[in-house]
Amino acid sequence: MPIKKNNPLPDTTASGSYDFFRDVYDVVRLIPKGRVTSYGAIAAYLGTKGSARMVGWALNHCHNMQPEVPAQRVVNRMGMLSGKAHFETPTQMQELLEQEGLTIKNDCIVDFQKHFWDPSQEL
DNA sequence: CCTGTGACTGGAT
DNA sequence: GATCCAGCCACAG
């Protein structure tokens, strides 16, 4: 179930209809430090299972978002940093994760399963 | 309105 | 196993 709480994002973006985005950002912000989740898990939690791409697409717009979204904690189901290219520098995503106590090897989170955080199970 | 494009995923090949 | 393939759906042009 979507979070649907009153979370007034600065919005702007003219187009309106930012419900999906807002929900994605809300869930991502709830990911505990040092834990990670997958696009699919978030999509499933929001009730749009199978639309993991939308989650990734939403995160692609999180750069100008306030408050900031810890997008580094969202990776694909294999635990790979598939979105690192979309950060300010290609190494920032890995560095951020390492700062949170995770180990990255070959763009892959070591013991991904161990640090996995499933919103539909934890929330 | 129609088309192309994804920070993805699960099942088929 | 590794790869391919087809859904997925919001958005920009």
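Here are some notes on the predicted model shown above, covering its salt bridges, its contacts with DNA strand B and its nonpolar core.

1. **Salt bridges, overall.** Side chains of opposite charge can pair when their charged atoms come close. With a nitrogen-to-oxygen cut-off of 4 Å, the count in this model comes to three salt bridges. The next three points take them in turn.

2. **Aspartate 26 and arginine 29.** The closest N and O atoms of this pair are 3.3 Å apart. Both residues belong to helix α1, which spans residues 19-30, and because they are three residues apart there, about one helical turn separates them. You may want to look at the aspartate in your viewer: aspartate 26 has a relative accessibility of 3%, so it counts as buried.

3. **Glutamate 100 and arginine 73.** Here the side chains meet with an N to O distance of 2.9 Å. The pair links distant parts of the chain, 27 residues apart: glutamate 100 is in the loop between α4 (92-99) and β3 (104-105), while arginine 73 is in the loop between α3 (52-59) and β2 (74-75). Are these two residues buried or exposed? Both glutamate 100 and arginine 73 are buried. For glutamate 100 the relative accessible area is 15%, which is under the 20% limit for that label.

4. **More around glutamate 100.** The salt bridge is joined by a further approach: a polar atom of the glutamate 100 side chain lies 3.4 Å from the backbone nitrogen of glycine 34. Setting aside residues up to four places away in sequence, glutamate 100 touches Lys33, Gly34, Gln72 and Arg73.

5. **Aspartate 107 and lysine 84.** In this salt bridge the closest N and O atoms are 3.2 Å apart. Aspartate 107 sits in the loop between β3 and β4 (108-109) and lysine 84 in the loop between β2 and α4, so the pair ties together parts that are 23 residues apart in sequence. Aspartate 107 is partly exposed, at 29% relative accessibility, and lysine 84 is also partly exposed, with a relative accessible area of 25%.

6. **The surface near DNA strand B.** The strand is surrounded by 18 residues, and the closest are Arg53, Met54, Leu59, Arg77 and Gly83. Of the strand's atoms that come within 4 Å of the protein, 45% belong to sugar and phosphate. Helices α2 (39-45) and α3 each supply at least two residues of this surface, and α3 gives the most, with five residues. By type, the surface divides into seven nonpolar, nine polar and two charged residues.

7. **Contacts with the bases.** Which residues place polar atoms by a base nitrogen of DNA strand B? Tyrosine 39 does so with a polar side-chain atom, at 3.1 Å. Glycine 56 uses a polar backbone atom, at 3.5 Å. Leucine 59 has a backbone N or O atom 2.8 Å from a base nitrogen.

8. **The nonpolar core.** The largest nonpolar core has 30 residues, and Val24, Tyr25, Val28, Leu59, Leu97 and Ile109 have the most contacts inside it. Elements α1, α2, α3, β2 and α4 each give two or more residues to this core, with the largest share, five residues, coming from α1. Valine 28 is a good place to start looking: apart from its neighbours within four places in sequence, valine 28 is in contact with Ile42, Leu59, Val69, Pro70, Ala71 and Val74. Leu59 thus appears both among these core residues and among the residues closest to DNA strand B.

Conventions. Residues numbered from 1 in each chain as written. Chains lettered and ligands numbered in written order. Predicted model: local features only at pLDDT ≥ 70, side-chain atom pairs only at ≥ 80, totals over all residues. Heavy atoms only, no water. Helix = DSSP H or I, 4+ residues; strand = E, 2+ residues; numbered from the N terminus. Buried < 20%, exposed > 50% of the residue type's maximum accessible area, 1.4 Å probe, protein only. Near = heavy atom within 4 Å. Polar contact = N/O pair within 3.5 Å; in protein donor to acceptor, adjacent residues only side chain to side chain. Nonpolar A, V, L, I, M, F, W, Y, C, P; charged D, E, K, R; others polar. Contact = heavy atoms within 4.5 Å. Core = buried A, V, L, I, M, F, W, Y, C linked by side-chain atoms within 4.5 Å.
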